Amino acid sequence: MGREVGIVGVGQTHHARRRTDVSQAGLVREAVNRALADAKLSMEDIDTVVIASGPVLFAAVNQPEKWVVDAIGAQGKSVVRLTSGGGAGFAGALAGYYQVAGGYSERTLVVAYDKLSEGQLQYSISTLYDPFWGREFAVGIMGFSAAYWRARMDVLGHTEEAAAIVAAKNRNNAIANPYAHQKKAVTVEDVLNSKPLCWPIKLLDVPPISDGAAAIVLASDKVAHHSTSRPAWIRGMAYCCEADNAPERSLMISEPLALASRQVYRAAGITNPRRQFDVVEVQEPYSCFELNYYESLGLCPPGQAAALAASGATQIDGDIPVNPSGGCMGANPIGAVGVIRLIEAATQVMGRNETHQIKDAKLALVQSGGGWANLRGCAVLSA
Amino acid sequence: MFYAPDTAPIELPTFHSTIAMPYTLTPGHSAGIFLAEMANHRIVASRFTDGKIIAPAQDFSPTDGEEPVELVQAPETGELTAFTRVDGQIIGLVRLDGCDNAFAHRILADLAELKVGQRVAVRWSVEEAGASIMAMAGFVLAPDAPLGVVKPLVGPAEPLGVVNYAMELNYEHAYGPYYGRLFDEIRENGVVMGVRGSSSDEALLPPREIDDITHKRTGTWKACADTGTIRACSLINMEVFGQTRPVPYAYAEIVLDGASTKMIHIIEIDDLESAKQTIKPGTRVRAIWTKGERKGAVSDIERFEVI
Amino acid sequence: MGLSQVAVLASAQTELRPAWRDAQHIDLISSVVTSVFKGTGITIDDVDFVIDSGSDVLDGRSISNCGFLGALGAHHKEEARVEEDGLWGALYGVNKIRSGASSIGLIVAYSKPSESDIDLYWSSMVEPFYQRPVGFGQKAALGIQAQRYLAAYGIKDSALADIVVRRWAAAAANAWLAVDFVPDAAAVLAAGEAAAPLTKLMLSRPVDGAVAILLGNEDVARRMGRPPVFITGMGTSLETHSFAERSANRLDSVTKATAMALGKSGWASAAEADVVELSGSSVVGELLALEGLGLAAAGRGVDAALKDGVNASGGALPADPIMATGLVRLAEAAKRLSAPVRNGASAPSKAIVHGTGGVAMQNNCVFTLEV
């Protein structure tokens, strides 16, 4: 159905706590240079560009794509920016996907970034709250994320231990990731003993704050071969939402993620995600979310995520490794993360992952999202 | 648009909201050096492979994104290529001698004196002497100024790593009839009122015209009780800018009796460990209203406490 | 499988007012999302996805879409926030339906500039090291753009005033716009200085409002019982951020976007359009857009601007709901192509629609529509 779209080139910056040598525009340029080189293309070969970043209040430049366009040499091209909180990068990639699938473009460059060191992350993200109704209580997205985790603790058994297993797994996986900057070995005990920030979220449950950019080149099946003989084909991709303050909102399962996965699995022919996927990359703004994704993505039934984490199956040597790249724990330039996860998954199925190549990986699952934990999507890639 | 029964437009003032925060912006290499050299009264430009010279210095050519070959020093004189006046201030485009582009800056003259093509020269600022493009106060007419030349940049300063910046955004939000009544009832009667959902008796908080799920009109107004149940909560143990009380305290999503959706508020706690036992999903709480005069805001409820 | 054609099924907008003092964003949004379905036989349940255009800076809220999802009708659907004028949201929606992934999409755009500091919206859009500190922003750029244009072509500001008057008169006749006075040419020239040589009335007037467009594939469109209004071409182009580096007296991005759209629609030129709805941040910007569309030679925009069929809605000068203006143009053009005509009159069958964004119209988007 429609045209096939594949990822044919990837590039990301070496993410850092703070890049003092480049502006936001320079950061984007780095990722774009790398992705174009990887795709064996120049900017002339690109038809359209999608730029994605987190909320503009992060870095004090409104509609930054209008500035960044100069740095990447895309003047004159079709350029649009998408934003969606933590899901910005994924949302940008999805818009790019449809530009190719819809015949508007043969090759679309998607670049996503955030330079979080420019601003006050917690304060600016707190402005997602309604100014009339609750903003004065906002503690960034940590306050409500911790609260939703607390609710899942009793009902679904998402214990502090289970989240600590996830946090330790991802932090340790990140050590081998050449693009990550947070590389410290931790044990489950270390996580459990770390300082509570918004309990139950503790210091080591929280990813770093990062500056970083990531870019992918999407191409139609017609021209993909110019860049690579083994594109990562997008077999399904969707991004759904739920109203943030509605009576039936489930704090247990992420319904938008479940809806997106249902749509994507149908498109990609996935009937048994637990068995079929070789590798999974998810965006965990806090460790507790990864447990929620196991269930919402159908990798295990509700209430079984803790057991899945404890079983070792999602460890790097398990039968369904989740976040072999280290996930957000290694680097978290929020608006770029959706594209970083796509890059890590794409390079797995292309057989060229730089952190830890999962042997014979053919089918990958990617998850991303943001907002009030109410914007969620996923994608299936295969080579 | 339609108003549900009991809802009528109220002549309310707007709700003022301010978003203000500091930033540490990173200029990058070329701009970093340009800004640093402003303190030395030197104007730094970029030279590209095709010989083009762009001022102020850029890491990427504005025409095609190419990277520059080297940094050079531009002269202080140039040509006025365009101008306008906004709020009494003249902004013009100036092309420095030897450079290929023009850039925007202030023109320190009267509109009536200006003509496109005139020669202008930098006037350095007395008050603002630091690493900012405003170290140049602006450009003045310099009809007899000789043609300046672009020179090599000898001993460039270290690039400025960060620029301190601040943004303050002020808003005047309309209440609309629903929030208008909500906060009117909070102020006048010390009662939290929502509207019934499109297909349920429970009240939606905050009230709104259209149900979020069904996208149908909501129902009649309903008062919620002062008591409620915690649906989700976390224990805040870190300091963040803008907090209204000292840590630790509990952040809670509370569903008031009679409502179906949450309101967010806080519960004071003594310490983390005991709070983990006493404050959890399902805990019953009661609103503690302010003793003083109510203003018609969420803060008219000071906090909640466990019952 | 071939790519589907996409049609505008219906549109709805709130009245565009200088200030909607008794409505919040969600009220404006839910109003158009409710109204757009009336008479179509389609409901919100039939919609596969929602694309929304809005601005965090104007809304005073980060990730503002996520607080408005219920009002947008997006609950449990696919949603995307395009932080650019709604016409770019429509472009996304068209691509999504063309791909075959969806059959019906809802495009919404809104803003309430009355609630925020509009100057700060624009000044925060220019880069912060060189341009912002000197006070360069939208007004300065538009002033310079106008100064150059008038000087280059010897256009008198009385000619500009005549166009402004014509637009405001059209707006006063447009039921969807709140216009309580129609300035005459003298009033336009006497209005306070905004950015020399432009007076306040020569800049577009920001207003509050929301607009929704329902898009559908050909199959759905043909069930609606009247000839579909197909979107036959789309193009967009973004120029350099450095205003001084852009071509003087031309909007190259409009020319590029037009060429892209015409290439898809197969029209020989934009002059094939019976209906022209274009945006403009100032009266000179509107003229430059007309010339970029190819509807007038360089410097001759004033002739095209006064033609029947050009901005019959009034265009953006009397009513510019920032972030929604281009989508309102699409709604106006689609309505005109669907409207019945009096006996003897020839029915308009083609429209060209233009949306813009960025300081001094840095970003431009062009659609062609056909019945």
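1. In which sense do strand E5 (residues 196-199) of chain A and E15(B) pair, and over how many bridges? They run antiparallel, over two bridges; pairing here needs at least two DSSP bridges between the strands. Within this pair, A:Trp199 sits opposite B:Leu235 of E15(B). Strands (E, at least two residues) and helices (H or I, at least four) are DSSP runs, numbered from the N terminus.

2. Some housekeeping: this is a predicted model, with local features needing pLDDT of at least 70 and side-chain atom pairs pLDDT 80 or more, while totals for chains, interfaces and linings use all residues. Residues are numbered from 1 along each chain as its sequence is written, with chains lettered from A and ligands numbered from 1 in the order in which they are written.

3. Chain B puts 55 residues into its contact with chain A, which supplies 48 (contact: C-beta atoms, placed from the backbone, within 7 Å). On the chain B side, E1(B) gives the most, with eight residues. That side splits into 29 nonpolar, 18 polar and eight charged residues (nonpolar: Ala, Val, Leu, Ile, Met, Phe, Trp, Tyr, Cys and Pro; charged: Asp, Glu, Lys and Arg; polar: the others, Gly among them).

4. Chain A also touches chain C, with 53 residues from A and 49 from C. Elements of chain A that each supply at least two residues there include helix H3 (88-101) and strand E8 (232-241). The chain A side has 28 nonpolar, 17 polar and eight charged residues.

Definitions and conventions:
Two residues are in contact if their C-beta atoms, placed from the backbone, lie within 7 Å.
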